[in-house]
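Grab a coffee and work through these short exercises with the viewer open. Try each task yourself before you read the solution under it.

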Amino acid sequence: NLGTHISVVKSVTLDKWQPKWVATVSKIGNVASNGYFEARLDSSEKPRESDSLEKKAAFIRKKYETKNYILRNKPSPAELLQQGRSPDAYIGGGRDRS
């Protein structure tokens, strides 16, 4: 169990999503989100489908709880949206690796 401070929504089908959550994740999308949370990730660190649940949970904690792979001192995609800016800055070549 990762705890609600990490993952508020446990299931797309079991939990009721607040409209503001839907709007935010729709605007950000998986590509920009992963671009932010995995900006400094070495591909060898990402777990595979066949890896143990423990390894996957450890990766999720590093990615979302301790934010090991983000670019430091950069706003999150959600913060960019709040500022009226596009989260697409984290897609492909749009993100710098400083």
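**Exercise 1. What percentage of the 98 residues in the protein chain is buried?**

Before counting, know what you're looking at: this is a predicted model, where local features need pLDDT of at least 70, side-chain atom pairs count only at pLDDT 80 or more, and totals for chains, interfaces and linings use all residues. Residues are numbered from 1 along each chain as its sequence is written, and side-chain values use heavy atoms, with hydrogens and water left out.

Step 1. Get the cut-offs: buried is under 20% relative accessible area, exposed is over 50%, and partly exposed is in between (1.4 Å probe, protein chains only).

Step 2. Apply them to the chain: 22% of the 98 residues come out buried.

Step 3. Look at the surface too. About 7000 Å² of the protein chain is exposed, and carbon and sulfur atoms supply 51% of that. Accessible areas here are Shrake-Rupley values with a 1.4 Å probe, and for residues only the protein chains shown count as cover.

**Exercise 2. Find out which elements the chain has, and how far to trust the model.**

Step 1. Use DSSP runs numbered from the N terminus: helices are H or I with at least four residues, strands are E with at least two.

Step 2. Count: the protein chain has three helices and zero strands, so the order from the N terminus reads α-α-α.

Step 3. Check the confidence. pLDDT is the predictor's confidence in each residue, from 0 to 100. The chain averages 84, with 81% of its residues at 70 or more.

Step 4. Be careful with residues 94–98: pLDDT stays under 50 there, and the model gives this stretch 13 contacts (heavy atoms within 4.5 Å) beyond four places in sequence.

**Exercise 3. Check whether the length of helix α2 makes sense.**

Step 1. The expected span is 1.5 Å times one less than the number of residues.

Step 2. Helix α2 covers residues 53–65, which is 13 residues, so it should span 18 Å.

Step 3. Compare: the end C-alpha atoms sit 17 Å apart, which agrees.

Step 4. Look just past α2, where Lys67 takes a positive phi of about 50°.

**Exercise 4. Compare Ser33 and Val31: is each one buried or exposed?**

Step 1. Place them: Ser33 lies in helix α1, residues 19–37, and Val31 lies in α1 as well.

Step 2. Read the accessibility. Ser33 counts as buried because its value is 18%, whereas Val31, at 56%, is exposed.

Step 3. List partners, skipping residues up to four places away in sequence: Ser33 touches Ile28 and Pro77. With neighbours within four places left aside, Val31 is in contact with Tyr90 and Ile91.

Step 4. Follow Val31 along the chain: Gly92 is 61 residues away, yet the two C-alpha atoms are separated by 8.5 Å.

Step 5. Zoom out to the whole chain: of the contacts with a separation of 6 or more, 61% join residues 24 or more positions apart.

**Exercise 5. Track down the salt bridges.**

Step 1. Set the rule: a side-chain nitrogen of Lys or Arg within 4 Å of a carboxyl oxygen of Asp or Glu. The whole structure yields four.

Step 2. Start with Glu38 and Lys46, whose closest N and O atoms are 3.2 Å apart. Glu38 is buried at 12%, while Lys46 is partly exposed at 38%. Salt bridges link Glu38, Lys46 and Lys63 in a network.

Step 3. Move to Asp51 and Lys55, which meet at 3.6 Å, N to O. Asp51 is buried at 19%, and Lys55 is partly exposed at 41%.

Step 4. Finish with Glu65 and Arg61, at 3.2 Å between the closest N and O atoms. Both lie in α2, four residues apart, about one turn of the helix. Glu65 is partly exposed at 35%, and Arg61 is partly exposed at 31%.

**Exercise 6. Sort out the aromatic rings.**

Step 1. Rings of Phe, Tyr and Trp (its six-membered ring) pair if their centres lie within 6.5 Å; planes under 30 degrees apart are stacked, over 60 edge-to-face, and the rest tilted.

Step 2. By this rule there are four aromatic pairs. Among them, Tyr36 and Phe37 are edge-to-face, 4.9 Å centre to centre with 80° between the planes.

Step 3. Add the surroundings: Tyr36 and Phe37 are both buried, and ring pairs link Tyr36, Phe37, Tyr64 and Tyr90 into a cluster.
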